[in-house]
Amino acid sequence: MKTLRIALSLIFFLTLVFSAPLSRAAGGSGGGSGDSGGSSGSNAGSSRSPERIAQRHYEAGLSSKKKAWKFDEKAARAEDAEDRDKLLAKARKAYEKAIASQSAAVKANPKSYEAENELGYALRKTGQYEKAIEAYDRALALNGAYFPAVEYRGEAYLSVGEIQRAKDSYMKLFRNDRKLADQLMTAMDEWLAKQPPGEGTASFAEWLKERKSLANVGDELSQNNTRGW
């Protein structure tokens, strides 16, 4: 009888020992799977959101833009005409990839004025000036204070001969962002240097001269105001 009780006690003890880990393992596995599944589902949902998709396309477009810049820089230094043409062709392909990426970004998120601006830049670099201006217009319709688009659009205006609109762009930048105003002024100088002599270019050259003088006066006044007398 005593032996039977001992045997039963031993069986009960062994049952407790071996069943508890199995129970914990089953419960732990279920909880872990549930947490992992919830997290994965959440991340997947956010990664598929229009904003995230647009951001990925936008960043891909910026990467293509940087590659195009490098080809442009190499082309500018190339002494052999054939090498220069090959590099320029590679730059154009990179800009075309940027157009595709930024177009996809805008499609995913129509409110992305940054993508519209970069789309305009790539379009302008491939000679599609009217489409570039339309993209800049959309960017500024979304954010009228996004001055990089004002500067880019000012350069596009020069390319299509819209001199007065280019001037207006400069004046807006001069009042709001002097660094970008100077950037557009440099683009104006470069554009003017490539134009044949004429009455229109002469008056534009005179306007540029006056604006530079006024800008210098403004800089001197600003420096005087910051000095301790």
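Modeller: The expected span of a helix is 1.5 Å times one less than its number of residues. Keep in mind that we're looking at a predicted model.

Biologist: Okay, take helix α4, residues 113-125. How do you know that its span agrees with what 13 residues should give?

Modeller: At 1.5 Å a residue, α4 should span 18 Å, and its end C-alpha atoms are 18 Å apart, so the two values agree.

Biologist: What makes you call α4 mostly covered?

Modeller: Buried means under 20% relative accessible area, and 10 of the 13 residues in α4 are buried. Among them are A115, E116, N117 and L119.

Biologist: E116 is a charged one. Why is E116 called buried?

Modeller: Its relative accessibility is 3%. The cut-off for buried is under 20%, so E116 counts as buried.

Biologist: And why is the contact between E116 and R138 called a salt bridge?

Modeller: The rule wants a side-chain nitrogen of Lys or Arg within 4 Å of a carboxyl oxygen of Asp or Glu. For E116 and R138 the N to O distance is 2.9 Å, so the pair passes. E116 lies in helix α4 and R138 in helix α5 (residues 129-142), so this bridge ties together parts that are 22 residues apart in sequence.

Biologist: Is R138 buried, exposed or partly exposed, and what makes it so?

Modeller: Partly exposed, because R138 has 36% relative accessibility, and that class runs between the 20% and 50% cut-offs.

Biologist: What about R153 and D137: what makes that pair a salt bridge?

Modeller: Here N to O is 2.7 Å, and the limit is 4 Å. R153 sits in helix α6 (residues 147-159) and D137 in helix α5, so the pair links parts 16 residues apart in sequence. R153 counts as buried because its relative accessibility is 16%, while D137, with a relative accessible area of 32%, is partly exposed.

Biologist: Now E96 and R92. How do you know that they are separated by about one helical turn?

Modeller: They are four residues apart in helix α3, so about one turn lies between them. Their side chains meet in a salt bridge at 3.3 Å, N to O. Both counts of exposure land in the middle class: E96 is partly exposed at 40% relative accessibility, and R92 is partly exposed at 38%.

Biologist: How many salt bridges does the rule give?

Modeller: The count comes to seven.

Biologist: On to the surface. Which residues form the positive patch, and what makes K90 fit in?

Modeller: The patch is formed by K66, K67, K70, K74, R77, K90, K93 and K97. Two elements, α2 (50-77) and α3 (81-108), each give two or more residues to this patch. The largest share, five residues, comes from α2. As for K90, its place is in helix α3. A patch residue needs over 30% relative accessible area and no salt bridge; K90 has 46%, so it clears the area cut-off.

Biologist: Why is K90 called partly exposed rather than exposed?

Modeller: Exposed means over 50%, and K90 has 46%, so partly exposed is the right class.

Biologist: Where does negative charge gather on the surface?

Modeller: In a patch made by E79, D80, D83 and D85. D83 lies in helix α3.

Biologist: What makes D83 partly exposed?

Modeller: D83 has 40% relative accessibility. That value falls between the 20% and 50% cut-offs, so D83 counts as partly exposed.

Key: Residues numbered from 1 in each chain as written. Predicted model: local features only at pLDDT ≥ 70, side-chain atom pairs only at ≥ 80, totals over all residues. Heavy atoms only, no water. Patch = residues over 30% accessible without salt bridge, like charges linked within 9 Å, V, L, I, M, F, W, Y side chains within 5 Å. Areas by Shrake-Rupley, 256 points an atom, 1.4 Å probe, with all protein chains shown as cover. Lys, Arg positive; Asp, Glu negative; His and termini not counted. Charge placed at Lys NZ, Arg CZ, Asp CG, Glu CD. Buried < 20%, exposed > 50% of the residue type's maximum accessible area, 1.4 Å probe, protein only.
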